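Trainee: Please choose one part of this model and take me through it closely, from its two ends to its place in the whole chain. I would like each term explained as it comes up.

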Amino acid sequence: ALVELIETHFGKPVVTVGEDVHYRRMRDTRLGELAAAIVSLAGGDGVARLLVSRLVDEIVLLVERAQRDLDLVEGDVVLGGGMLAERGAFFEQQ
């Protein structure tokens, strides 16, 4: 499903997208255009699930570091943005 998403979005084979990013024919930031769709796929696509899980791990590390730097023992964390609004099957499994 992830390959199909990438190919549909960019209108070319996923290998070509990878080459375009690698050889700087496409800015790597364009891959961020797929973020919300990858989160939506995470409930049924193993690779998408791994990508989202890695993102979650990175967010946890960021929060832990911020709390340490601010000498906070506890506190509420609020995530903003629309990417996680639909939640989907991936988050129901957690």
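Mentor: Helices (H or I, at least four residues) and strands (E, at least two) are DSSP runs, numbered from the N terminus, and the part I would choose is helix α4, residues 46-69. This is a predicted model, in which local features need pLDDT of at least 70 and side-chain atom pairs count only at pLDDT 80 or more, while totals for chains, interfaces and linings use all residues. Residues are numbered from 1 along each chain as its sequence is written, and side-chain values use heavy atoms, with hydrogens and water left out.

At the start of α4, a side-chain oxygen of aspartate 45 comes to within 3.1 Å of the backbone nitrogen of valine 47. The helix has 24 residues and its end C-alpha atoms lie 35 Å apart, which agrees with the 34 Å that it should span at 1.5 Å a residue (the expected span is 1.5 Å times one less than the number of residues). After α4 comes aspartate 71, which sits in the loop between α4 and α5 and has a positive phi, near 55°, although aspartate 71 is not a glycine. Most residues other than glycine have a negative phi, so this backbone angle deserves a careful look. Aspartate 71 counts as exposed because its relative accessibility is 70% (buried means under 20% relative accessible area, exposed over 50%, partly exposed in between, with a 1.4 Å probe and protein chains only). A similar backbone feature appears at arginine 24, in the loop between α2 and α3, where phi is positive at about 60° in a residue that is not a glycine; at 76% relative accessibility, arginine 24 counts as exposed.

The helix also takes part in the interior of the chain. The largest nonpolar core (buried Ala, Val, Leu, Ile, Met, Phe, Trp, Tyr and Cys residues joined through side-chain atoms within 4.5 Å) has 12 residues, among them Ala48 and Val52. At least two residues of this core come from each of α1 (2-10), α3 (35-41) and α4, and α1 gives the most, with 4 residues. Leucine 5, another member of the core, touches Leu34, Ala37, Ile38 and Leu41 when residues up to four places away in sequence are set aside (contact means heavy atoms within 4.5 Å).

For the wider setting, the chain has 5 helices and 0 strands, and buried residues make up 18% of its 94 residues. Of the contacts with a separation of 6 or more, 48% join residues 24 or more positions apart.

As for how far to trust the model, the chain averages a pLDDT of 86, with 86% of the residues scoring at least 70 (pLDDT is the predictor's confidence in each residue, from 0 to 100). Among the elements of the chain, helix α2 (residues 14-22) has the highest mean pLDDT, 95, whereas helix α5 (residues 89-93) has the lowest, 58. Where pLDDT is low, the predicted coordinates should not be read in detail.

Methods:
Polar contact = N/O pair within 3.5 Å; in protein donor to acceptor, adjacent residues only side chain to side chain.
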